[in-house]
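Here are some exercises to work through with the model open beside you. Try each task before reading its solution.

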Amino acid sequence: MTRHKQNKRLLGSIFRWHRYLGLLIVLVIPLLTISGIMLNHTDDLRLGKREFSQHWLFAWYGITPVEGRFFFVGKEWLSQWGEQLYLNSTALTPRVERLIGAVRLPKVVVTSTSDVLLLITPQGELLEILDSLDGVPRNIQALGVGENGRIVLSTRQGLMEGDLESGSWQPTTITPTWAEEATPPKRLLRQLRQQNPGPGISAERLLLDLHSGRLFGKWGPYLVDFAALLLLLNAFSGLLIWWRRRHQRATAKA
């Protein structure tokens, strides 16, 4: 084989590798380029102030979004979002750690935490907060209403029936209708999410994670590093092809 044919064959091999490398990186380079350009204009594009709070994105990042607890009381919804209580979409004054339940009596809505009963009007006005000083049992685990219309609490000591007017509580064996969580209307859920957007994921963070590869898990940065190496090899092979062809032309003229 002559030297000319060897050079031509070598040039053909380099050209094929150059083309294959280009095909491999063509899927990654546009993402890196576009995200890099946008990150270079973070302030102009207000990327730090644009936030996303979609549930699928939280799931991708492993973030557990704040969700509510909902109880249907008569014609209203009593719910908890974070530490905030709501009657329908109206925020109520008291803040609680965990809502145990909510039931509707003829003139009042009764809600319960583990140690406190809150009496609220159907219009959302807080009437009274009752605790152990008012005779309310501690360690409340469930809230219900008996057939006689009285509040029944499930506690570690057993079932306790109470008269809210007299403040007396006594053990009972009756089986009440327990307050159970319910699925709220989508409209109410949307309203509460709008009022409680929570800590969203900024567009700047999203683009940074995309640009670095962290968005794709622990192997993402290695994928970006690999693409960068391929780009470097592609640039080197392109330079080598250019130099080889130039050398061939110079040899042919000589």
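**Exercise 1.** Find out whether Glu 181 is buried, partly exposed or exposed, and which residue forms a salt bridge with Glu 181.

Solution. Start with the cut-offs: buried means under 20% relative accessible area, exposed over 50%, and partly exposed in between (1.4 Å probe, protein chains only). Glu 181 has a relative accessible area of 45%, so Glu 181 is partly exposed. Next, look for a salt bridge, that is, a side-chain nitrogen of Lys or Arg within 4 Å of a carboxyl oxygen of Asp or Glu. Arg 69 is the partner, with 2.6 Å between the closest N and O atoms. Arg 69 counts as buried, at 16% relative accessibility. Finally, place both residues in the chain, where helices (H or I, at least four residues) and strands (E, at least two) are DSSP runs, numbered from the N terminus. Arg 69 sits in strand β2 and Glu 181 in the loop between β14 and α5 (186-195), so this pair ties together parts that are 112 residues apart in sequence.

Two notes on the model: it is predicted, so local features need pLDDT of at least 70 and side-chain atom pairs count only at pLDDT 80 or more, while totals for chains, interfaces and linings use all residues. Residues are numbered from 1 along each chain as its sequence is written, and side-chain values use heavy atoms, with hydrogens and water left out.

**Exercise 2.** Count the salt bridges and locate the ones formed by Arg 150 and by Asp 209.

Solution. The count comes to three salt bridges. Arg 150 meets Asp 163 at 3.7 Å, N to O. This pair links distant parts of the chain, 13 residues apart: Arg 150 is in the loop between β10 and β11, and Asp 163 is in strand β12 (residues 158-163). Arg 150 is partly exposed, at 34% relative accessibility. Asp 209 pairs with Arg 205, their closest N and O atoms being 3.7 Å apart. Both lie in helix α6 (residues 203-212), four residues apart, about one turn of the helix. Asp 209 is buried at 7% relative accessibility, whereas Arg 205, at 39%, is partly exposed.

**Exercise 3.** Work out which residues touch the most other members of the largest nonpolar core, and which element gives the most to this core.

Solution. A nonpolar core is a set of buried Ala, Val, Leu, Ile, Met, Phe, Trp, Tyr and Cys residues joined through side-chain atoms within 4.5 Å. The largest has 29 residues, and those touching the most other members are Leu 78, Val 110, Leu 117, Ile 151 and Leu 153. Strand β8 gives the most to this core, with four residues. Now zoom in on Val 110: its contacts (heavy atoms within 4.5 Å) include Leu 117, Leu 143, Ile 151 and Leu 164, not counting residues up to four places away in sequence.

**Exercise 4.** Give the strand order of the open five-stranded sheet and name its edge strands.

Solution. Two strands pair if DSSP finds at least two bridges between them. The order is β13-β12-β11-β10-β14, with antiparallel pairing. The edges are β13 (168-171) and β14 (177-178), each pairing on one side only. To check one edge, follow β10 and β14, which pair over two bridges; Val 145 has Thr 177 in β14 as its bridge partner.
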